[in-house]
Amino acid sequence: SKPTLGNPQNTIEILQKYHFNFQKKFGQNFLIDTHVLEKIISAAGITKDDMVLEIGPGIGTMTQYLAEAAGKVAAVEIDKNLIPILEDTLSEYDNVMVINDDVLKVDIRGLVEKENGGRPVKVVANLPYYITTPIIMGLFEGNVPVESITVMVQKEVADRMQTGPGNKDYGALSLAVQYYADPYIVANVPPNCFMPRPKVGSAVIRLTRHAAPPVKVDNEKWMFDIIRASFNQRRKTLANGLSNSDKIDLPKDVITEAIVKLGKGESVRGESLSLEEFAALSNDLWEKKG
Ligand code: SAM
């Protein structure tokens, strides 16, 4: 079989057949461009050995492509009105499992254990943009065995994930993503590739999970507390930002001394520190905390 969706005409036909109404609150923008779909599938590098987790299959457009390429697909969709449609559009495929639930409530780790014997899965999705960060951080921080995440996100969010120190988009999300994975923007995708058209530009980004973290961190939670505190008060110096934070709870002179040790000068701002420097600062302050 071959994918039947991915163009405007067949998408409209399915939507009318089932009298489907788009739900804004679920971030529903369906792909209607076969070139974009092929690009996503090829960037994800899927083979018949892979299990793919798809988040938000919609009417099953990308799911059809995934089912062709992968050994097995598990697709989690929150909107119960899409379930009968998916039964129809995916009826040709016996390697797809649809789960009608909120992805943020599903035990993904348990699912991967059960369906793939705990071997890492590839996540591929045209994400609902209102929960991009919780989905991605949930996968990384929840210790889900994931080899890569290839997803459509808001263009601006893709830029934030990929950028480094000194850039205006650099922040806590950049550092969190780069601690766990190597980001690569695959393509920019304009609004006319979706139905209905989103108000923002989109991009496909692939996050390839590091085999081991690129930096040695004594306490991950502490490092991310420091990172968040550093970017919470962007206009302040790093020393002020950290000493104002109730999460950090160390005297200012101790904090300043640790910052100076990085060779950055005491009036440096958080946005100029690399992941390596945040790790060094975090390890130093963790030791001072005793
Ligand atoms: N994959 C389809 C496509 O590319 O045409 C649809 C993508 S659309 C941007 C996002 C999908 O995620 C919608 O089908 C929406 O109903 C679903 N969704 C939204 N919130 C969700 C949640 N919390 N859990 C699971 N699916 C969700």
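Hi everyone, let's start with a helix. The buried residues of α9 are covered by elements including α8 (172-180), α10 (238-244) and α12 (275-289). Which residues of α9 are the buried ones? They are M223, F224, I226, I227, A229 and S230. Before I go further, please keep in mind that this is a predicted model.

Helix α9 also gives us a nice check on geometry. It has 13 residues, 220-232, and at 1.5 Å a residue they should span 18 Å. The end C-alpha atoms are indeed 18 Å apart, so the expected span and the model agree.

From there, let's move to the nonpolar core. The largest one has 78 residues, and V52, L66 and F278 have the most contacts inside it. As a general point, nonpolar side chains in soluble globular proteins tend to be buried together. Take L66 as an example: leaving aside neighbours within four places in sequence, L66 is in contact with I46, V52, E54, V73 and V124.

Now the ligand, which I suspect is what most of you came for. There are 23 residues around the ligand, and F30, G56, G58, N126 and P128 come nearest. Three elements give two or more residues to that shell: β1 (30-31), α3 (61-69) and β3 (72-77). What is the shell made of, by residue type? It divides into 13 nonpolar, 7 polar and 3 charged residues.

How does that sit beside the record? Under "binding site", an unreviewed UniProt entry lists N29, L31, G56, E77, D102 and N126. Let me pick two of these.

First, N29. You'll find N29 in the loop between α1 (8-17) and β1. Is N29 buried or exposed? It counts as buried because 23 other C-beta atoms lie within 10 Å, and the cut-off for buried is 20 or more. Not counting residues up to four places away in sequence, N29 touches F194, P196 and P198.

Then G56, which sits in the loop between β2 (51-55) and α3. G56 is buried too, with 24 other C-beta atoms within 10 Å. Setting aside neighbours within four places in sequence, G56 contacts E77, A125, N126, L127 and P128. E77 and N126 are also on the UniProt list for "binding site".

One last item from the record. The unreviewed UniProt entry gives residues 36-211 as "domain: Ribosomal RNA adenine methylase transferase N-terminal". Over that stretch the chain is 35% helix and 28% strand, and the end C-alpha atoms are 29 Å apart.

That's my tour, thanks for listening!

Key:
Residues are numbered from 1 along each chain as its sequence is written. This is a predicted model: local features need pLDDT of at least 70, side-chain atom pairs count only at pLDDT 80 or more; totals for chains, interfaces and linings use all residues. A residue is near a molecule or strand if its C-beta atom, placed from the backbone, lies within 6 Å of it. Helices (H or I, at least four residues) and strands (E, at least two) are DSSP runs, numbered from the N terminus. Ala, Val, Leu, Ile, Met, Phe, Trp, Tyr, Cys and Pro count as nonpolar, Asp, Glu, Lys and Arg as charged, and the others, Gly among them, as polar. UniProt positions are given in the numbering used here, feature names are shortened, and annotations may be inferred rather than shown by experiment. A residue is buried if 20 or more other C-beta atoms lie within 10 Å of its own, exposed if 12 or fewer, and partly exposed in between; C-beta atoms are placed from the backbone. Two residues are in contact if their C-beta atoms, placed from the backbone, lie within 7 Å. A nonpolar core is a set of buried Ala, Val, Leu, Ile, Met, Phe, Trp, Tyr and Cys residues joined through C-beta atoms within 7 Å. The expected span of a helix is 1.5 Å times one less than its number of residues.
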